[in-house]
Amino acid sequence: MDSASGRKLLGFRQIAQEKLQHVFYSIPSEKDLIIEPALIKPLEHVCGASWLRKKGIDKIFKFDSKNPPPKRKQFVYLITSSLLTFKSVLDQISGYQSQTSSMMEPDIRNKQYHVLVLPSVLASFEHLLEEEGLHGIVELYNFQWDFLLLDESLLSLELPNVFADVFVRKDTTPLGSIAQSIRIFNLVMGKPHLVFSLGENAEKILHMVQRMEAAKRPNVGGKENAAGKVDQPEKEPEYSAMLILDRDRDYPACLLTPVVYCGLLLEIQPLNSGSLVVDGECNKIKNGKLAFLQEQGAAAASKQQETTSLRMSGAQDMIYLEHRYRHFSEVISLLSAQAKALGLEGKAYTREMKLHEMKEYVTHKLPKVAAAKKELFKHLRLCETIVEEIGANFEKHQMIEESILTNTNRKQIMNYILELLSSDAHRYNTLRLICLYHVTIGLTGEDMTRLMTGYLNAFGYRHLSLFHSLFQARLFPDTTNLSKTKILSQISIPTLKTPFQIEANKLKQLPTDANDTATTATTPTTDRDGGLTGGVQSTGGSAAAGGKTCPSYVFNGNYIPLVTQLTNLIFAASSFDNLNTRLGHLERLKVSGRSLTASGQPGDHTQCAPRSIKELSASSHKVALNQLLPFKEKTMFIFIVGGITYAEIAACHLLERTIGAKIVLSSDRIIAGHDLIESVVNC
């Protein structure tokens with residue numbers, strides 16, 4: 001990323017600080033801040049404790065509904081838009097109010113309680129405020145920090161529960177906040193020439209952005225605005241294209257098990273705003289298994305290990321920067337070599353050293369070696385946990401996932417899942433494999449019944465409603481039509497290709513399905529349609545080292561993420577006709593942007609509503625679009641609604657280096673398949 005783009009991405013931090021500062025300055029005198037624990041890490045990307053104190057914050061407390069801090073001054077609460085959390089805040093405030101004299105009338109002109117809600121205040125908050133009798137005592141504020149820069153070319157809104165709200169509950173409230181952040185992005189970076197959206201929710205976001213921009217857009221092109229002033233023309237965009245994608249358009253990229261180091265880190269430990277927990281006693285695998293399966297492991301744990309955190313940022317951790325996109329099998333050997341090298345450096349001290357050499361060594365080199373050892377120890381602990389929790393069954397699991405993608409060995413797949421449910425069931429990962437089976441192949445009524453029974457026998461029949469939530473997210477069949485499904489399953493219709501495979505093969509996403517010799521080392525090629533093809537080494541390749549490897553290496557050569565393939569096809573298009581040939585079959589893929597106006601005339605600044613590629617190929621915009629493609633600068637901003645995975649990030653960054661592009665990825669949060677299923681289970 002060039003320095004100009006990097007500085008602009010860092011500008012979102014300054015915008016968030018300005019928003020927060022505006023709220024604090026509107027509250028006179030000193031105040032104490034009470035912050036919801038889940039928001040502490042994201043807030044660190046916006047400001048530090050010293051900055052808060054300069055803005056009038058005296059003390060900072062974690063929000064605890066059972067242990068409220070002593071009432072000293074005004075309180076400013078920072079919470080997420082959860083009705084339950086807001087109710088706990090109001091209960092706490094009611095407790096403070098009851099301690100004061102009932103004879104004193106509250107001064108509504110100088111309110112003592114202020115609640116900042118991320119990302120926005122819900123209508124139900126206002127109703128609850130009145131029901132609790134605190135209207136006029138508590139002031140509510142909307143606050144949203146927009147994009148947080150977690151790593152180079154990686155942004156996140158850090159919004160909780162977007163997938164569960166939008167894709168399971170069908171509550172589109174979070175889309176308004178996402179649209180507002182993308183509008184801010186357009187103001188800072190310039191509106192891209194072309195904006196692509198794939199998915200119902202992505203299209204809704206674009207419609208919202210257009211309405212916001214139309215309501216606040218002044219006249220451009222040298223025309224007078226309402227104030228009688230002449231406005232300047234729109235600046236050239238920093239990114240030629242933007243792609244907004246719904247999570248449900250590519251579930252396999254989230255449900256498959258990655259082989260890259262950064263992806264496997266999220267498989268074992270939780271991530272909060274770019275900070276990974278390093279805890280040898282507790283991890284996602286242990287927490288998801290049944291209690292009686294953990295008794296032996298708990299007894300074997302002899303000593304407690306210190307819980308620390310690891311910043312998954314190349315700027316913060318050089319070891320992570322070097323190994324984040326490598327195949328895990330390479331990482332272990334490379335970290336071992338680094339440990340040996342550091343051990344030799346630590347033994348460099350000898351008695352034969354002169355006095356000034358000893359002083360130089362102790363003052364400068366020894367602290368650096370000690371700090372490097374401490375960071376390396378974190379990575380070695382994490383690698384050890386990966387090997388212990390995943391390694392034993394990893395190779396067989398990869399074979400099963402490949403069979404699911406290629407629609408082969410169905411009996412073996414079913415036996416493997418049923419064996420897991422009976423002997424080594426995991427609350428989220430076993431369900432994740434079942435969902436992958438349904439998304440790619442499709443479950444028959446008989447298989448659905450067997451799997452549901454196995455899961456409920458393992459974890460209890462209280463989870464029966466869970467399968468309806470999975471159905472809402474299109475991750476499981478409709479259990480209400482079970483009788484109809486059974487009848488259809490009795491009709492033997494041989495299907496060589498599932499609908500998923502047909503669609504994925506059109507976009508060249510399945511190297512193993514197209515080439516049975518995918519485990520041999522081959523160099524990736526681009527076919528005549530522009531799609532990436534070719535296999536990878538079974539041991540993986542090093543994207544960080546710049547090795548020529550197909551992006552499917554993130555899934556051991558089995559699958560190329562949809563977002564990566566779409567980006568490559570858009571950049572490789574020599575004309576709009578060529579793009580129509582490649583992507584015209586995707587009816588949900590809509591196009592808009594600053595190059596498309598409502599009338600099709602250059603002087604018009606009214607944005608055209610998102611339209612499909614086929615519709616545009618038969619419209620007056622075709623000439624302008626043919627002139628725009630191929631892009632002179634291969635720059636793209638990508639946003640995934642519902643969470644992005646590190647496997648997709650690694651694949652896109654490999655593509656970026658391969659074709660010489662500049663790609664910035666973002667989402668509402670970074671997730672693994674475990675997190676996606678957990679959000680549905682807890683919905």
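The paragraphs below lead through one sheet of this predicted model and through several pairs of packed helices.

A good place to begin is the sheet, where eight strands are arranged in the order β6-β7-β18-β17-β9-β8-β15-β16, forming an open sheet with mixed pairing. Strands of a sheet pair through backbone hydrogen bonds, and this pairing may be either parallel or antiparallel. At the edges of the sheet stand β6 (148–151) and β16 (611–612), and because each has a single partner strand, one side of each is left without a neighbour in the sheet. Elsewhere in the sheet, strand β8 (residues 194–198) and strand β15 (residues 589–592) run antiparallel and are joined by four bridges. Leucine 198 can be found opposite leucine 589, the latter lying in β15.

From the sheet, the eye can move to helix α8 (residues 200–216), which lies across β8, β9 (241–246), β15 and β17 (635–641) and runs at about 130° to β9. Helix α8 also packs with helix α7 (residues 173–189), at an angle of about 55° and with the two axes 9 Å apart. Angles under 35 degrees would count as roughly parallel and those from 65 to 115 as roughly perpendicular, so α7 and α8 are described as oblique to each other. Their crossing is right-handed. On the α7 side the contact includes Leu175, Ile178 and Arg183, while on the α8 side Lys204, Met208 and Glu213 are among the residues that take part. Sorted by class, the contact of α7 with α8 has eight nonpolar, four polar and four charged residues.

A second pair is formed by helix α16 (residues 410–423) and helix α18 (residues 445–459), whose axes are 9 Å apart and which pack at an angle of about 20°. The two helices α16 and α18 are therefore roughly parallel to each other, and their crossing is left-handed. In this contact Met414, Ile417, Leu418 and Leu421 of α16 meet residues of α18 that include Asp447, Arg450, Leu451 and Tyr455. By class, seven residues of the contact between α16 and α18 are nonpolar, one is polar and two are charged.

A third pair consists of helix α23 (residues 562–572) and helix α27 (residues 646–659), with axes that come within 9 Å and cross at roughly 25°. Helices α23 and α27 are therefore also roughly parallel to each other, and the crossing of α23 and α27 is right-handed. Among the residues in contact are Val563, Thr567 and Phe571 of α23, together with Ala651, Leu655 and Ile659 of α27. The contact of α23 with α27 divides into six nonpolar residues, three polar and one charged.

Terms used: Residues numbered from 1 in each chain as written. Predicted model: local features only at pLDDT ≥ 70, side-chain atom pairs only at ≥ 80, totals over all residues. Heavy atoms only, no water. Axes fitted to C-alpha atoms, helices over the stretch in contact; angles between N-to-C directions. Parallel < 35°, antiparallel > 145°, perpendicular 65-115°, else oblique. Left-handed = near helix turned anticlockwise from the far one by under 90°. Contact = heavy atoms within 4.5 Å. Nonpolar A, V, L, I, M, F, W, Y, C, P; charged D, E, K, R; others polar. Pairing = 2+ DSSP bridges.
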